[in-house]
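Dear colleague,

I am passing on the structure below, together with some notes on what came out of it. Please read the notes with the model open beside you.

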Amino acid sequence: MNIAVNTQGQPLEVVSPVDGKVYARRSYATGAEIEAALSRAEAAARDWARTPLETRVALVARFGQEMVKRAPQLAETLAWQMGRPLWQADETPRLKLVGDLAAQAAGNALAEEGYPADPGIRRFVRRVPHGVTLAICAWNYPVAMMGYLVTAPLIAGNVVIFKHSPQTPLTAEIAAEAFAAAGLPDGVFQAVHMTHPDAEKIIGTGRFRAVNFIGSLAGGKRVHAAAAGTLTQVHLELGGKDPAYIRADADIERAIPLMVEGCYSNAGQSCCSVERIYVHKSVAKRFTEAFVAEAKNVTLDHPITGKQPYIGPVVRAVAATTIRNHVADALAKGARQALATGRSAARDLGPAYVEPEVLIDVNHAMAVMRDETFGPVAAIQTVSDDAEAVRLMNDTEYGLTASVWTADSETGVALLDQVEAGTVYLNRCDHADLYLPWGGLKNSGTGRVNGREGLLQATETKSFHVRTRFV
């Protein structure tokens with residue numbers, strides 16, 4: 001049974017942003033291959049769900065260990081596939097930590113939960129896995145994200161078909177090797193290179209009981225639409241336009257290095273990157289001057305042969321064009337560049353290399369303050385008071401993270417209470433805290449991952465009403 005429109009194994013080419021050349025060639029799965037993978041997953045689902053929790057945890061832990069063994073290979077392929085400097089490219093420690101924390105939480109999270117009893121009546125709840133799950137991974141943290149998309153669902157008793165971004169398919173192949181080396185049963189984890197249309201069609205069949213997606217808002221909407229009417233559980237972790245507010249009493253000297261990291265880490269290609277900075281007018285000049293001075297240290301170079309640059313190219317030349325268009329739109333509408341241009345040979349390195357930017361005199365009529373830029377651009381807007389800052393922070397379709405910087409923690413928390421975001425920070429930013437549930441509000445997504453909450457959302461609640469005797 002061919003369930004997908006792709007029957008010929010269409011070619012899959014990975015064009016590296018590093019040099020614009022084809023880095024790898026693969027083929028997308030045919031409909032018959034996808035059907036075979038689904039059948040294997042369905043056959044494995046019942047036995048895996050019945051496998052003792054401690055066995056599942058041990059096997060998934062072995063996967064983490066096998067990925068750590070492959071860290072150099074993973075880092076090199078990551079650098080070439082999406083452009084992050086090689087010296088920053090090892091994500092295996094984070095992948096392993098996410099798995100370890102899920103394993104630690106699993107005993108309590110997945111334990112039987114008792115409810116009030118009556119004479120002769122026992123009530124309790126057990127958590128049961130969804131079953132066959134499709135996990136769709138983004139390219140920007142292609143190894144670390146597997147902790148959310150794969151290890152936690154497997155610990156919870158689901159089987160996983162894994163579709164990586166077509167920009168980072170080699171990561172999925174290495175993960176499949178690691179799972180095989182860890183000794184997982186056949187069909188429990190399978191990496192399948194699927195086209196987007198094929199993935200949407202298979203979601204529409206309803207054979208997946210859950211779909212976990214990390215990616216863009218546009219991609220998330222397509223997944224959501226594909227699942228319409230199937231009653232498939234859909235978890236979406238989408239984009240962000242994350243704001244930070246610098247109050248008049250903020251410790252600017254300590255905030256600046258963290259803010260620069262929050263704006264430029266991973267070339268700004270993080271869903272929780274700080275893209276909008278609101279600064280109280282009384283400290284705007286001092287903050288901006290200090291921020292610009294620190295941002296001058298953000299170096300751009302070849303990610304493999306360069307001298308440990310802070311950032312490399314963005315993921316694709318077309319992404320670089322979008323970033324440059326946001327900057328051009330802002331400049332045309334009155335914004336100014338606070339960093340001197342021409343500090344690096346960005347254009348000589350290739351079309352995907354984007355020089356870091358600091359834009360001032362911005363406002364919400366500009367795309368750079370409304371649309372997700374996903375690049376190394378910091379945009380600074382002056383505000384008159386807390387109320388204006390909160391209003392502007394909430395003036396967005398996104399709601400992933402937000403931060404307030406102040407010496408007054410009580411006021412800071414009160415302001416964060418008013419901000420519409422799934423995770424809020426006081427005197428910190430651009431950080432996915434592995435001890436807290438992670439996810440967004442509004443168009444930043446639905447559902448949560450991490451620890452107990454992530455395990456609960458990877459399962460269904462099954463209620464038991466047991467009459468032990470007639471009274």
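Leu231 sits in the loop that runs between helix H8 (217–226) and E9, and its phi is near 65°, a positive value in a residue other than glycine. Since this is a predicted model, you may wish to look at that backbone yourself. Leu231 has a relative accessible area of 76% and is therefore exposed, the cut-off for that class being over 50%. Asn450 also has a positive phi, of about 95°, although it is not a glycine, and it is found in the loop between strand E17 (445–446) and H15. Asn450, however, is buried, because its relative accessible area of 9% falls under the 20% limit.

The strand that follows the loop of Leu231 holds an annotated residue. Glu237, found in strand E9 (residues 233–237), is covered by the annotation "active site" in an unreviewed UniProt entry. With a relative accessible area of 5%, Glu237 is buried. Apart from its neighbours within four places in sequence, Glu237 is in contact with Phe213, Ile214, Gly215, Cys271, Leu400, Trp438 and Ser444.

As to the overall division, the chain is split into domain 1 (12–239 + 444–465) and domain 2 (242–426). The centres of domain 1 and domain 2, taken over C-alpha atoms, are separated by 31 Å, and 22 residues of domain 1 are in contact with 27 residues of domain 2.

Turning to the sheet, 7 strands form an open arrangement with mixed pairing, in the order E12-E13-E14-E11-E10-E15-E16. Strand E12 (336–337) and strand E16 (423–426) are the edge strands, each of them pairing on one side only. Within this sheet, strand E10 (residues 242–246) pairs with strand E11 (residues 274–280) in the parallel sense over 5 bridges, and Asp242 stands opposite Val274 in E11. Helix H9 (residues 252–264) lies across E10, E11, strand E13 (357–360), strand E14 (377–383) and strand E15 (401–405), and it runs at about 155° to E11.

Helix H4 was examined for its length and its packing. At 1.5 Å a residue, the 18 residues of helix H4 (residues 92–109) should span 26 Å, and the end C-alpha atoms are 25 Å apart, so the two values agree. The buried residues of H4 are Thr92, Leu95, Val98, Gly99, Leu101, Ala102, Ala105, Ala106 and Ala109. An α-helix has 3.6 residues a turn, so residues three or four places apart point the same way. The partners against which the buried residues of H4 pack are helix H2 (53–69), helix H3 (71–82), strand E4 (121–129), helix H5 (146–155) and helix H15 (451–457).

One residue of helix H3 deserves a separate note, namely Met82. Met82 counts as buried, because its relative accessibility is 0%. Leaving aside neighbours within four places in sequence, the residues in contact with Met82 are Pro17, Trp139, Asn140, Thr168, Asn266, Pro313, Val314 and Val315. Of these contacts, the one with Pro313 joins positions 231 residues apart in sequence, whose C-alpha atoms are 7.9 Å apart in space.

With kind regards

Definitions and conventions: Residues are numbered from 1 along each chain as its sequence is written. This is a predicted model: local features need pLDDT of at least 70, side-chain atom pairs count only at pLDDT 80 or more; totals for chains, interfaces and linings use all residues. Side-chain values use heavy atoms; hydrogens and water are left out. Helices (H or I, at least four residues) and strands (E, at least two) are DSSP runs, numbered from the N terminus. The expected span of a helix is 1.5 Å times one less than its number of residues. Buried means under 20% relative accessible area, exposed over 50%, partly exposed in between (1.4 Å probe, protein chains only). Contact means heavy atoms within 4.5 Å. Two strands pair if DSSP finds at least two bridges between them. Axes are lines fitted to C-alpha atoms, for helices over the stretch in contact, and angles run from 0 to 180 degrees between N-to-C directions. UniProt positions are given in the numbering used here, feature names are shortened, and annotations may be inferred rather than shown by experiment. Domain bounds come from an automatic or database domain assignment.
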